Amino acid sequence: KQWYQRRVRGVQMSAGFDDRTGIVKSATDWGSWYQTIEDITAEVLVPLTTKGRDVKIKILPSSLSVAVNGKDIFSGKLFASIVCDESTWTLEDHDDNCRIVRIFLVKANKSPQSCWTSLLEDKYSADLATLDSMQKKILQERYQMENPGFDFSQAEVSGNYQSGGPILS
């Protein structure tokens, strides 16, 4: 696998962290969404024949709308605010049966306590087990950022991990 570096809150992290810890996705009727401390990614499955010009996405600080081939996929108020200028989308080959529209939304609040419970304010909530796994993964990511010389990818998380874990001073 190709490794590259990314900066998270001023700390360089290997992109392999997600590869080692796994991505915790929340399934939806149109695909799935997942998150890190810094961003939200929504993956919309579309027909294999879909071209970029067929995709209409409107990203605003507090709302998102997605339409493909003139059909509204979803729209509404986001769970929390995002940074529009740093958010984007791509259209990628997925497999022999479909393509994927991958929407990258950069969270305005990039603290470990900013775990989204749903993509939109009133839709696409993560079920309790998925949300629990998302919160654990965000806590692992927080520890990795705070201690870059250690590997927390296989760490077992128990106890207080909701809302970003305990406050360490």
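Being 4 residues apart in helix H2 (residues 128-146), Glu-146 and Arg-142 are separated by about one helical turn. In this predicted model, the side chains of these two residues meet in a salt bridge, with N and O 2.9 Å apart. The partners are placed rather differently with respect to the surface: Arg-142 is buried, with a relative accessible area of 5%, while Glu-146 counts as partly exposed at 43%. Side chains of opposite charge can pair when their charged atoms come close.

The structure holds 8 salt bridges, and several others are worth a visit. Glu-86 pairs with Lys-110, and the closest N and O atoms of this salt bridge are 3.9 Å apart. Here the link is between distant parts of the chain: Glu-86 belongs to strand S9 (residues 82-93), whereas Lys-110 sits in the loop between strand S10 (98-107) and strand S11 (118-120), 24 residues apart. Glu-86 is partly exposed, at 49% relative accessibility, and Lys-110 is also partly exposed, at 23%.

Another salt bridge brings together the side chains of Arg-99 and Asp-93, at 3.0 Å from N to O. Arg-99 counts as buried because its relative accessibility is 15%, under the 20% limit. Asp-93 is exposed, with a relative accessible area of 61%. Salt bridges can also join into a network, as seen for Lys-25, Glu-43, Glu-92 and Arg-102.

What is the nearest side chain of opposite charge to Lys-107? This lysine, which lies in strand S10, is buried yet has no salt bridge, and the nearest such side chain, Asp-39, is 7.3 Å away. The side chain of Lys-107 does have a polar atom 2.9 Å from the backbone oxygen of Thr-36.

Attention can now turn to the strands. An open sheet of 3 strands follows the order S6-S7-S8, with antiparallel pairing. Strand S6 (55-60) and strand S8 (71-77) stand at the edges with a single partner strand each, so one side of each is left without a neighbour in the sheet. On average, neighbouring strands of this sheet are turned by 0° against each other, direction ignored.

The pairing can be followed strand by strand. S6 and S7 run antiparallel and are joined by 6 bridges, and a hairpin connects S6 to S7 through 2 residues. Within this pairing, Ile-57 stands opposite Val-66 in S7. Strand S7 (residues 63-68) is likewise joined to S8 by 6 bridges, and these two strands also run antiparallel. Here Ser-63 has Lys-77 in S8 as its bridge partner.

Which side chains of S6 are buried, and which are not? The side chains alternate along the strand: Val-55, Ile-57 and Ile-59 point to one face and are buried, while Lys-56, Lys-58 and Leu-60 point to the other and are not.

Finally, the largest nonpolar core has 31 residues, of which Trp-33, Leu-64, Phe-74, Ile-103 and Leu-119 touch the most other members. The elements that give two or more residues to this core are strand S5 (39-47), S6, S7, S9, S10, S11 and H2. Helix H2 (residues 128-146), where this account began with Glu-146 and Arg-142, is thus met again among the contributors to the core.

Conventions:
Residues are numbered from 1 along each chain as its sequence is written. This is a predicted model: local features need pLDDT of at least 70, side-chain atom pairs count only at pLDDT 80 or more; totals for chains, interfaces and linings use all residues. Side-chain values use heavy atoms; hydrogens and water are left out. Two strands pair if DSSP finds at least two bridges between them. Axes are lines fitted to C-alpha atoms, for helices over the stretch in contact, and angles run from 0 to 180 degrees between N-to-C directions. A salt bridge is a side-chain nitrogen of Lys or Arg within 4 Å of a carboxyl oxygen of Asp or Glu. Buried means under 20% relative accessible area, exposed over 50%, partly exposed in between (1.4 Å probe, protein chains only). Lys and Arg count as positive and Asp and Glu as negative; His and the chain ends are not counted. A polar contact is a pair of N or O atoms within 3.5 Å; within protein, one must be able to donate a hydrogen and the other to accept it, and residues adjacent in sequence count only if both atoms are side-chain atoms. A nonpolar core is a set of buried Ala, Val, Leu, Ile, Met, Phe, Trp, Tyr and Cys residues joined through side-chain atoms within 4.5 Å.
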